[in-house]
Amino acid sequence: MLVETFTELRDQMASQMAICEMTPELRHRIFLGSKGRKRLEEILGEALVGIARNATSENKTLREVTGAVMSACFSIIAILNARRKDEIQHRALGLNRASLAPVDQGLALYQCRFYIEKTHKGYLSFYVGHGTVQAIELLNRLSDLTQDFVAMAKGPSYSPLEPAQRSLFQIPLLHFRATDKPAYLKFSTTEAAADLLRAALGDHGDVRVSAHMFRRAYALIFIYRYEHGDLMALSQQLGHFDLEMTRHYVTDGLLQTGSVTSGSFAQRSPDEFESWQEEIADLRKEIHTVSMERLEALVGEVIDGKENYSGIFVNLVKRFHQIHGRSIKYKAMGPEDQARALTKSLDERGHAFVPNRHGSCLASSTRRNIRAACYSRAEGVLDRAEASAHVCGGCPYHLVSQAHVRNLESDALGLELSLAVAPKESVVHMVGTAKLKNLRRWIHLHKERMGMNMGQAYAAA
Ligand code: SF4
């Protein structure tokens, strides 16, 4: 809608005879009379008083709405790609009109070139997900309109900038003096960004924006994505999260072969490879911090005797608690210190959260995990590609929360719907029926362990 509004304004203003002499009053009248303004007001539920802020008015302006939309795009790109602030919005190094490129549009596969600030100090291409693509495409369209407005202001002698020179965070100015300089959105200082954060976070909205916070937010989403209702809603809104690619690198390392991404990195120079490893190490550190906070919360609840989890890993925590309980020092601690001490010892053994839709995996990253249900004796490593509710169900490193059970229920519902349309005697129907039976069994078991309401659908499973 914002793009349509700017397009309408561009067309109406371009049709004026003397564009460079257009007065602020005339621009204001054109904006007030536009259909775009009315539609934006309907969406926002409040009046827009003009293009830019009038000191006497409290109401919103087109400029502020534009800033808020760009800030939202900025946040989506930064968080979903674990990028630092300047890697996105720096006017020379950040995203530009040429950053996003399709790899295969049929498969909705896109790559984006990001500047890597700390390590590589150059550009690397990353595969990006649907949410990122949508945000960049919106900024691309605003960038094209910005160029149109600049061209209108500068007159016929103006030669447009190359796409790679056009920052995506240049705000469309509706002034038409040839001397006007472009304005850039700076996420940390623009009032629109602060407004957006306040609207999104309420009382917690007064946060100081640091270069690191988006990587930390990424790590939080990475760990909590399947267990947090709001993140599930965000996931749906954005089509899907863009975490699998980083998960691949962060959890499985760089040495995997055969995937598109590993292939593309295998062709890189030793310097690029090294900086990429540093980049992963940096991100891994953030994810590890969040994972330990999560583990400490879990351990605390288990020590408290809360039955909020199912899965055999809970038994491992209980056993560790018992073993530690033989120490006088541990016994003398309060529950919070015990949780911290136990978490430290689990951390030393390499246990950390790896989130899955059906549950979290807490297998050790430093031990051989030969008791893990997906352990491949032939390869001597975990074969996490085998992970499923059924395979992990009997594994000592599996942990299930109520949110995971809701995921399983929604999977079971999807399976039921696909079985309803599959021919009765088909292999698809037979395999699906067996899978559904299994899934229901696990749902029932996990619900029973957590004392959850069975619900009518699965009570008799
Ligand atoms: S079976 Fe599942 S829980 Fe166990 S180690 Fe493999 S992925 Fe993790």
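**Figure 1. Low-confidence stretches of the predicted model.** Residues 253-266 keep a pLDDT under 50 throughout. For this stretch the model has 11 contacts beyond four places in sequence. Residues 456-461 likewise have a pLDDT below 50, and seven contacts beyond near neighbours in sequence are found for them in the model. For the chain, the mean pLDDT is 83, with 86% of residues at 70 or more.

**Figure 2. Surroundings of the ligand.** The ligand is surrounded by 14 residues. The closest of these are C361, A372, C374, C392 and C395. By class, the shell comprises 11 nonpolar residues, two polar residues and one charged residue.

**Figure 3. Crossing of helices α4 and α6.** Helix α4 covers residues 62-80 and helix α6 covers residues 130-154. Their axes come within 9 Å and cross at roughly 145°; the crossing of α4 and α6 is left-handed. On the α4 side, M70, C73, I76, I77 and L80 make the contact, while α6 contributes G131, T132, A135, I136, L138 and L139. The residues of this contact divide into nine nonpolar and two polar, with no charged residue.

**Figure 4. Helix α6 and the residue that follows.** The 25 residues of α6 should span 36 Å, because each residue accounts for 1.5 Å. The end C-alpha atoms of α6 are 36 Å apart, in agreement with that expectation. Just after α6, G155 adopts a positive phi of about 90°.

Conventions. Residues numbered from 1 in each chain as written. Predicted model: local features only at pLDDT ≥ 70, side-chain atom pairs only at ≥ 80, totals over all residues. pLDDT = per-residue confidence, 0-100. Contact = placed C-beta atoms within 7 Å. Near = placed C-beta within 6 Å. Nonpolar A, V, L, I, M, F, W, Y, C, P; charged D, E, K, R; others polar. Axes fitted to C-alpha atoms, helices over the stretch in contact; angles between N-to-C directions. Helix = DSSP H or I, 4+ residues; strand = E, 2+ residues; numbered from the N terminus. Left-handed = near helix turned anticlockwise from the far one by under 90°. Expected span 1.5 Å × (residues − 1).
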